[in-house]
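Got a minute to go through this model together? Ask why each label was given, and let's check the values against the cut-offs.

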Amino acid sequence: MLGIVALPVRELHWFTEGTAPSRVRGPGEQRDRGTCRIRPPSCYQRSKMPHIDTDIKLDFKDVLLRPKRSTLKSRSEVDLMRSFVFRNSKQTYAGIPIIAANMDTVGTFEMAKVLCKFCLFTAIHKHYSLEEWKEFAAQNPECLQNVAASSGTGASDFKLLEQILKAVPQVRYICLDVANGYSEHFVQFLRDVRKSFPDHTIMAGNVVTGEMVEELVLSGADIIKVGIGPGSVCTTRKKTGVGYPQLSAVMECADAAHGLKGHIISDGGCSCPGDVAKAFGAGADFVMLGGMLAGHTESGGELIEKRGKKYKLFYGMSSEVSMKKYAGGVAEYRYGFRDQVTRPCWI
């Protein structure tokens with residue numbers, strides 16, 4: 001069993017059903033669980049009372065891994081290679097289960113060329129053209145087993161995905177990535193992709209709760225991306241109030257996925273190698289990295305020089321920078337997150 005030392009952190013989460021404390025307790029008072037008197041927001045379609053989950057939820061920063069006896073004489077004896085057989089595609093994977101995130105500042109062809117040499121994986125961002133994919137495939141056939149083609153849920157996204165997988169049949173992985181993996185539209189899109197590509201391994205997300213992991217697995221996904229808001233340049237939690245502490249999300253989602261012979265990716269929240277170890281310790285099968293791989297020669301992002309030092313821009317894919325770059329601007333109904341950072345360029 002994994003030993004986890006937890007700090008006393010409490011997170012509150014809003015749900016659409018159940019009961020919650022009717023008032024805040026004073027010091028030493030017994031818990032009074034009564035029906036919540038607060039009406040849920042009008043945007044909720046169901047007339048269910050809200051529920052506040054007062055269980056402790058943990059992030060990577062809240063825990064340490066407790067050491068135990070080991071038979072290893074040296075760290076050189078550690079084998080990082082893993083092998084999986086995926087539930088729906090029946091495909092077999094073997095490699096080091098670290099994935100470069102499908103962001104245009106991280107999930108690049110240049111990144112894939114380097115990472116594949118070390119049996120690491122790259123989720124290629126969705127903004128490459130069909131011709132760019134063909135050129136990459138022709139020049140780097142050895143990389144194709146370690147990359148995924150990414151897609152959103154739009155009609156144009158699906159059309160491009162079909163064209164890429166037809167032109168480059170060696171690509172056997174699909175990454176379906178949306179900000180809200182809880183929408184019915186996303187679930188139906190996943191089913192449609194599974195029907196069109198029954199033998200491909202599908203990554204899908206993002207979600208943070210066990211019941212949605214189960215629905216996505218049963219709808220055709222092999223690997224579920226877990227994480228809402230933990231990324232270093234993600235402001236979802238601040239702007240929308242939506243999220244879940246990443247370590248607890250990984251633990252709960254891994255349990256749900258593994259019960260159905262599915263797999264999960266811990267996506268976001270890792271700022272150092274220790275966080276990666278904690279994600280694996282919590283039950284993640286893969287760990288996806290964004291910020292930790294940004295700022296390198298192989299990364300995307302504009303190169304900037306400040307006071308004699310070189311930096312690269314790093315931003316989220318729902319940022320104002322990204323939407324102006326790929327959609328011509330921020331739509332009226334959307335809020336473009338302005339958060340962007342510079343990372344030292346490791347050249």
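Q: Why is L144 called buried?
A: This is a predicted model, so every value here is computed from predicted coordinates. L144 has a relative accessible area of 1%, and buried means under 20%, so L144 gets that label. L144 sits in the loop between α2 (130–139) and β11. Its C-alpha atom is separated by 6.1 Å from that of Q170, 26 residues apart along the chain.

Q: What makes K61 and D62 a salt bridge?
A: Their closest N and O atoms are 3.3 Å apart, and the cut-off is within 4 Å, so the pair counts. The structure holds nine salt bridges. As background, side chains of opposite charge can pair when their charged atoms come close.

Q: Are K61 and D62 buried or exposed, and why?
A: K61 has a relative accessible area of 63%, and exposed means over 50%, so K61 is exposed. D62 comes out at 5%, which is under the 20% cut-off, so D62 is buried.

Q: How do you know that D177 and K225 form a salt bridge, and which parts does the pair tie together?
A: The N to O distance is 3.0 Å, and a salt bridge needs within 4 Å, so the pair passes. D177 lies in strand β12 (residues 173–177) and K225 in strand β14 (residues 223–226), so the bridge ties together parts that are 48 residues apart in sequence. D177 is partly exposed at 28%, because that value lies between the 20% and 50% cut-offs. K225, at 1%, counts as buried.

Q: Why does the pair R194 and D222 count as a link between separate parts of the chain?
A: R194 and D222 form a salt bridge, with their closest N and O atoms 2.7 Å apart. R194 lies in helix α4 (residues 184–196) and D222 in the loop between α5 (210–218) and β14, so parts 28 residues apart in sequence are tied together. R194 has 12% relative accessibility and D222 has 0%; buried means under 20%, so both partners are buried.

Q: What makes D53, K57 and E252 one network?
A: Salt bridges that share partners join D53, K57 and E252.

Q: What makes L72, V78 and L80 a nonpolar patch?
A: Patch members need over 30% relative accessible area and no salt bridge, with nonpolar side chains joined within 5 Å. L72 has 42%, so L72 clears the area cut-off and is itself partly exposed. Together L72, V78 and L80 have about 270 Å² of accessible area. L72 is found in the loop between β6 (63–66) and β7 (82–85).

Q: Which residues are closest to the centre of the second largest pocket, and what is its volume?
A: The second largest pocket has a volume of about 470 Å³. Of its 15 lining residues, V78, L80, V276, A277 and F280 are the closest to the centre. Helix α8 (residues 273–281) gives the largest share of the lining, four residues. By class, the lining has twelve nonpolar, no polar and three charged residues.

Q: Why is the largest cavity called a cavity?
A: The label means a 1.4 Å probe fits there but cannot get out, whereas a pocket is open. The structure holds two cavities of 30 Å³ or more, and about 60 Å³ of space lies in the largest cavity. The elements giving two or more residues to its lining are β11 (147–151) and α3 (155–167), and α3 gives the most, with four. The lining of the largest cavity has six nonpolar, four polar and two charged residues, including H125, W133 and D157.

Q: What makes C119, K261 and the bond from G205 to N206 worth a look?
A: Most residues other than glycine have a negative phi, and most peptide bonds are trans. C119 has a positive phi of about 65° although it is not a glycine, and K261 also has a positive phi of about 65° without being a glycine. The peptide bond from G205 to N206 is cis, with omega near 20°. N206 lies in strand β13 (residues 201–207).

Q: Why is K261 called exposed and C119 partly exposed?
A: K261 has 65% relative accessibility, and exposed means over 50%, so the label fits K261. C119 has 31%, which lies between the 20% and 50% cut-offs, so C119 is partly exposed.

Terms used. Residues are numbered from 1 along each chain as its sequence is written. This is a predicted model: local features need pLDDT of at least 70, side-chain atom pairs count only at pLDDT 80 or more; totals for chains, interfaces and linings use all residues. Side-chain values use heavy atoms; hydrogens and water are left out. On a 1 Å grid over the protein atoms alone, a cavity is a set of points where a 1.4 Å probe fits but cannot get out, and a pocket is an open set with protein on both sides within 12 Å along at least five of seven lines; lining residues have an atom within 4 Å of a point. Grid points are joined across faces, edges and corners, and a volume is the space filled by probe spheres set on the points. Ala, Val, Leu, Ile, Met, Phe, Trp, Tyr, Cys and Pro count as nonpolar, Asp, Glu, Lys and Arg as charged, and the others, Gly among them, as polar. Patches are made of residues with over 30% relative accessible area and no salt bridge: like charges are joined within 9 Å, nonpolar side chains (Val, Leu, Ile, Met, Phe, Trp, Tyr) within 5 Å. Accessible areas come from the Shrake-Rupley method with a 1.4 Å probe; for residues, only the protein chains shown count as cover. A salt bridge is a side-chain nitrogen of Lys or Arg within 4 Å of a carboxyl oxygen of Asp or Glu. Buried means under 20% relative accessible area, exposed over 50%, partly exposed in between (1.4 Å probe, protein chains only).
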